[in-house]
Amino acid sequence: EVGTVTAEISATGTPGIDCGTGELLCRVFAEAAKCPVVIHGKLSDLSLGKGPVTEAHLFGLIPYENDIYTARLTPAELELVVAEQWHNRKSYVFCGLYGVTARVGEAGAKLGPVPTAFIGKDGRLLVAFNSYTAAGGGGRFPELTRILEQPASKKRNTRLAARDALRTFLQHHPQLKITPKKWLQRGG
């Protein structure tokens, strides 16, 4: 046993809108990488029921070996990444947004207000991804790949394993309850 949840964390829904496990993984990445913005989805259809969380649950939620990557993106680049993800929303590799809101639609994505504290002196935001997404999602994310290949993005592997970060998060947050926030809103 590695932790306890006080209410079900459901894998149903859409990451960034109403998916509990997607929200959980984003919160894990944000805390582990000390990163205010996360692009991540759910990695399985496993929901967590109320009660104890075991190592088997960790492997069920994160069935692949993934590290946490970070990169520094401009707000305009983040909008391009969010729009690209939105166009892949029917795919199992779709990643939602966490930390800032965005309006999304066929015309693209438009970020909502970005807290001043999130933007560095370089005019960029620190964004976290899992290693698969940061590598371009098997060719599904060419825009993200192009952006992360630019030296200004300062893409780096934090060397934090996603499953280890999840375990630590659960240990640091006993009696965890997750309520997904609607980070992505239709109408962009």
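A residue is called buried here when its relative accessible area is under 20%, exposed when over 50%, and partly exposed in between, with a 1.4 Å probe and protein chains only. The model is predicted, so local features need pLDDT of at least 70 and side-chain atom pairs count only at pLDDT 80 or more, while totals for chains, interfaces and linings use all residues. Residues are numbered from 1 along each chain as its sequence is written, and side-chain values use heavy atoms, leaving out hydrogens and water.

Let's start with the cysteines. The structure has zero disulfides, a disulfide being a pair of cysteine sulfur atoms within 2.5 Å. Two cysteines show why:

| Cysteine | Relative accessibility | Closest cysteine sulfur |
|---|---|---|
| cysteine 19 | 1%, buried | cysteine 26, 9.1 Å, too far for a bond |
| cysteine 95 | 4%, buried | cysteine 26, 8.1 Å, too far for a bond |

Next comes a sheet. Three strands (DSSP runs of E, at least two residues, numbered from the N terminus) make an open, mixed sheet in the order S7-S6-S10; strands pair if DSSP finds at least two bridges between them. Strand S7 (108-111) and strand S10 (184-186) are the edges, each pairing on one side only. From one strand to the next, the twist averages 30°, with axes fitted to C-alpha atoms and angles running from 0 to 180 degrees between N-to-C directions. Strand S6 (residues 102-105) pairs with S7 in the antiparallel sense over four bridges, and glycine 105 has glycine 108 in S7 as its bridge partner.
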